[in-house]
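Q: Hi! I have a new model open on my screen and would like to talk it through. Could you walk me around it?

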Amino acid sequence: MEVKIIGCFFVLDSQKNDNIRKNNIQKIKVLVTKNRELPSVDFDGTGMKKQMKKYLSGIIGSDIFHLEQVFTMDDQNHVGILYLGITNTENITNLNEDYQLIDFKVKDNNTITFGEENYRYQTIGVEKNNNIEYFHEIDVVDANIERTLLSLLTSYKKIRVSVDNSDVLFKFMGSSFSLEEVRILYEIIKDSTVDKSNFRKKIVKYCEKIETQEQSKSGFRPSQKYRFKPLKEDIWI
């Protein structure tokens, strides 16, 4: 039986805003080949995570990223082991010419943005052995694109659940960030809005202030920058 390790690699792309009073413009992107396929490698019998880590590092020129196994997809004689990767664009130092980063977004729990295309989907619950199993049906003709979108959607749903009980948001951040940038990312992932003050109170104890020399020509004070400060035996929210 053929076993492939598949990387669903999400990257936060923060474009600097010329208006210093505004936060950086943030987009989530995914790593795909020029043919819009996910990075994958045949399992060589060694440690899966170690093998996927080495493979992805070779693609982006860095080993600074979060990686975890999320799902196993069984398709007749093929098994796909999905690994979720997360990083910031500042950690991508030498992107392999055969790969690219394209936009990815899930909106209203029924639409996936993948590059310049939008795909409708629905989640269906099927009862099996007194349990409900959920399946995503995506409105797409190309079977390869469908597999790619299913893998990405499954991994993205994992992120969406994890933002409320882990520090996964900070895996997207670069070496410094503002509290507002964390909130904006949270709202992008959850596709919802939160109270700014309450959100800040929940995350600030996990953020350590950084002194910066940045100064605007117009005299406006830039946003306070932070770095992530993990706390032992605690979760951030």
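What follows is a chat about the chain as a whole, its helices and a few single residues.

Q: First things first, what sort of model is this?
A: Happy to help! This is a predicted model.

Q: Good to know. How many helices and strands does the chain have?
A: The secondary structure comes to five helices and eleven strands.

Q: And how much of the chain is buried?
A: Of the 237 residues in the chain, 41% are buried. As for contacts with a separation of 6 or more, 60% are between residues 24 or more positions apart.

Q: Let's pick a helix. What's the span of helix 2?
A: Helix 2 covers residues 143-162, which is 20 residues. Its first and last C-alpha atoms are 29 Å apart, close to the 28 Å expected at 1.5 Å a residue.

Q: What happens at the start of helix 2?
A: There a side-chain oxygen of Asp142 comes to within 2.8 Å of the backbone nitrogen of Asn144.

Q: Which residues of helix 2 are buried?
A: The list includes Ile145, Leu149, Leu150, Leu152, Leu153, Tyr156 and Ile159. Thr148, Ser151, Ser155, Arg160 and Ser162 are buried as well.

Q: Leu150 caught my eye. Why does it count as buried?
A: Its relative accessible area is 19%, so Leu150 falls under the 20% cut-off for buried.

Q: What does Leu150 touch?
A: Setting aside residues up to four places away in sequence, Leu150 touches Met73, His136 and Ile138. The C-alpha atoms of Leu150 and Phe135 are 9.4 Å apart, with their positions 15 residues apart along the chain.

Q: And Ser162, what is its side chain doing?
A: A polar atom of the Ser162 side chain lies 2.8 Å from the backbone oxygen of Lys158. Ser162 belongs to helix 2 and is buried, with a relative accessible area of 10%.

Q: New topic: how do helix 4 and helix 5 cross?
A: Helix 4 (residues 179-190) and helix 5 (residues 196-203) have axes that come within 10 Å and cross at roughly 110 degrees. That makes helix 4 roughly perpendicular to helix 5.

Q: Which residues meet there?
A: From helix 4 you have Leu179, Glu180, Val182, Arg183 and Tyr186, and from helix 5 Lys196, Phe199, Arg200 and Ile203. By type, this contact has five nonpolar residues, no polar ones and four charged ones.

Q: Is Arg200 buried or exposed?
A: Neither label fits, because Arg200 has 44% relative accessibility and counts as partly exposed. Leaving out neighbours within four places in sequence, Arg200 is in contact with Leu179 and Tyr226. Arg200 and Val182 are 18 residues apart in sequence, and their C-alpha atoms are 9.1 Å apart.

Q: Back to helix 4 for a second. How does its span compare with what it should be?
A: It agrees: the twelve residues of helix 4 should span 16 Å at 1.5 Å a residue, and the end C-alpha atoms are 17 Å apart. Among the buried residues of helix 4 are Leu179, Glu181, Val182, Arg183, Leu185 and Tyr186.

Q: What comes just after helix 4?
A: Asp191 is there, with a positive phi of about 55 degrees. Most residues other than glycine have a negative phi.

Q: Where else could I look for a positive phi?
A: Try Arg36, where phi is near 65 degrees. Arg36 sits in the loop between strand 2 (25-33) and strand 3 (40-42), and is partly exposed at 26% relative accessible area. Another one is Asp108, with a positive phi of about 60 degrees. Asp108 is in the loop between strand 6 (99-107) and strand 7 (111-114), and is exposed, with a relative accessible area of 52%.

Q: Last one, Thr87. Which strand is it in?
A: Thr87 lies in strand 5 (residues 78-88), and is buried, with a relative accessible area of 1%.

Q: So what surrounds the Thr87 side chain?
A: The side chain of Thr87 makes a polar contact with the side chain of Asn91, at 3.0 Å. Not counting residues up to four places away in sequence, Thr87 also touches several others, including Phe9, Phe10, Val11, Leu12, Ile64, Phe65 and Phe172.

Notes:
Residues numbered from 1 in each chain as written. Predicted model: local features only at pLDDT ≥ 70, side-chain atom pairs only at ≥ 80, totals over all residues. Heavy atoms only, no water. Axes fitted to C-alpha atoms, helices over the stretch in contact; angles between N-to-C directions. Helix = DSSP H or I, 4+ residues; strand = E, 2+ residues; numbered from the N terminus. Parallel < 35°, antiparallel > 145°, perpendicular 65-115°, else oblique. Contact = heavy atoms within 4.5 Å. Nonpolar A, V, L, I, M, F, W, Y, C, P; charged D, E, K, R; others polar. Expected span 1.5 Å × (residues − 1). Buried < 20%, exposed > 50% of the residue type's maximum accessible area, 1.4 Å probe, protein only. Polar contact = N/O pair within 3.5 Å; in protein donor to acceptor, adjacent residues only side chain to side chain.
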